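Work through the following exercises with the sequence and the model open. Each task is followed by a solution in steps.

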Amino acid sequence: LSMLELPYQTVEAPATVRQSEAFLNLNPLGQIPVLVDNGLVLADSNAILVYLAKRYAPGSHWLPEEAVHAASVQRWLSIAAGEVRYGPASARMSTLWSMAGEVDPALAARIAHRLLQMMNAHLADRSFLVGTQATIADLACYSYIAHAPEGRISLDAYPSVRAWIANVEALPRFAPMPPSTIPSAS
């Protein structure tokens with residue numbers, strides 16, 4: 001929303017809100033994020049990114065029309081929903097909220113490092129995940145990769161990933177996810 005300079009209002013949705021009848025009417029799975037736009041209710045961060053790009057920035061670099069780049073963006077959206085979620089995001093959840101029994105920190109770390117190795121090689125000769133400009137793929141993957149150290153996943157061995165993080169953060173109108181208050185691995 002910030003990248004497209006669209007006005008928006010953020011509503012906090014802690015677990016008690018997500019379990020309420022009103023919220024479950026928006027998203028029966030009780031998950032965030034949820035976007036409400038002119039009567040449309042849409043859940044799932046990747047679906048929201050696709051919708052915003054198609055609705056408010058059609059034909060833009062955010063979601064390329066060219067077949068290979070469009071497929072590459074979709075691949076990275078799948079990685080964001082898979083490896084990013086089960087690697088760096090799970091490691092972060094385990095560290096921040098002590099989710100013993102729900103998250104295996106060792107497995108999350110293995111997934112994270114495997115993903116980071118692949119990303120580091122992929123980004124060795126490019127600034128963004130797909131093409132020469134940022135896409136919704138970069139936005140989908142950025143937050144939990146950038147915040148991997150909050151899950152005790154160090155980014156020190158991944159210079160291309162760190163450079164990519166800096167490139168995303170340098171985008172006009174970039175709005176970061178707030179850091180946690182726990183000490184992080186460097």
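**Exercise 1: Helix α3 and its cover**

The buried residues of α3 are covered by elements that include β1 (34-37), β2 (40-43), α4 (67-97) and α6. Contact here means heavy atoms within 4.5 Å. The model is a predicted one, in which local features need pLDDT of at least 70, side-chain atom pairs count only at pLDDT 80 or more, and totals for chains, interfaces and linings use all residues. Residues are numbered from 1 along each chain as its sequence is written, and side-chain values use heavy atoms, with hydrogens and water left out.

Task: State which residues of α3 are buried, and check the length of helix α3 against the expected span.

Solution.
- Step 1. Helices (H or I, at least four residues) and strands (E, at least two) are DSSP runs, numbered from the N terminus.
- Step 2. Buried means under 20% relative accessible area, exposed means over 50%, and partly exposed lies in between (1.4 Å probe, protein chains only). In α3 the buried residues are N46, I48, L49, Y51, L52 and A53.
- Step 3. The expected span of a helix is 1.5 Å times one less than its number of residues. Helix α3 (residues 45-56) has 12 residues, so it should span 16 Å; its end C-alpha atoms are 16 Å apart, which agrees.

**Exercise 2: Helices α4 and α5**

Task: Describe how α4 and helix α5 (residues 105-122) cross, and list the residues that make the contact.

Solution.
- Step 1. Axes are lines fitted to C-alpha atoms, for helices over the stretch in contact, and angles run from 0 to 180 degrees between N-to-C directions. The axes of α4 and α5 come within 8 Å and cross at roughly 135°.
- Step 2. Angles under 35 degrees count as roughly parallel, over 145 as roughly antiparallel, 65 to 115 as roughly perpendicular, and the rest as oblique. α4 and α5 are therefore oblique to each other.
- Step 3. A crossing is left-handed if the near helix is turned anticlockwise from the far one by less than a right angle, and right-handed if clockwise. α4 and α5 make a left-handed crossing.
- Step 4. From α4 the contact takes R75, W76, I79, E83, V84, Y86, G87, P88, S90, A91 and S94, and from α5 it takes P105, A108, I111, A112, L115, M118, M119 and H122.
- Step 5. Ala, Val, Leu, Ile, Met, Phe, Trp, Tyr, Cys and Pro count as nonpolar, Asp, Glu, Lys and Arg as charged, and the others, Gly among them, as polar. By class, the contact of α4 with α5 has 13 nonpolar, four polar and two charged residues.

**Exercise 3: Three residues of the contact**

Task: For P88, S90 and A108, give the surroundings, not counting residues up to four places away in sequence.

Solution.
- Step 1. P88 sits in helix α4 and is buried, at a relative accessible area of 1%. P88 touches E83, A112, L115, Y144, I145 and A148. P88 and Y51 are 37 residues apart in sequence and 25 Å apart in space, C-alpha to C-alpha.
- Step 2. S90 also belongs to helix α4, and its 8% relative accessibility counts as buried. S90 touches R85, V103 and A108.
- Step 3. A108 is in helix α5 and is buried, with a relative accessible area of 2%. A108 touches Y86, G87, S90 and A91. A separation of 38 Å lies between the C-alpha atoms of A108 and N38, which are 70 residues apart along the chain.

**Exercise 4: Helices α6 and α7**

Task: Repeat the analysis for helix α6 (residues 136-146) and helix α7 (residues 159-169).

Solution.
- Step 1. The two axes come within 10 Å and cross at roughly 120°. That makes α6 oblique to α7.
- Step 2. The crossing of α6 past α7 is left-handed.
- Step 3. D138, C141, Y142, I145 and A146 in α6 meet V161, W164, I165, V168 and E169 in α7. This contact has eight nonpolar, no polar and two charged residues.

**Exercise 5: Backbone checks**

Task: Locate the cis peptide bond, and describe the phi values of N38 and R173.

Solution.
- Step 1. Most residues other than glycine have a negative phi, and most peptide bonds are trans.
- Step 2. The bond from I32 to P33 is cis, with omega near 5°. P33 lies in the loop between α2 (21-26) and β1.
- Step 3. N38, in the loop between β1 and β2, has a positive phi near 50°. N38 is exposed, at 69% relative accessible area.
- Step 4. R173, in the segment after α7, has a positive phi near 70°. R173 is partly exposed, at 40% relative accessible area.
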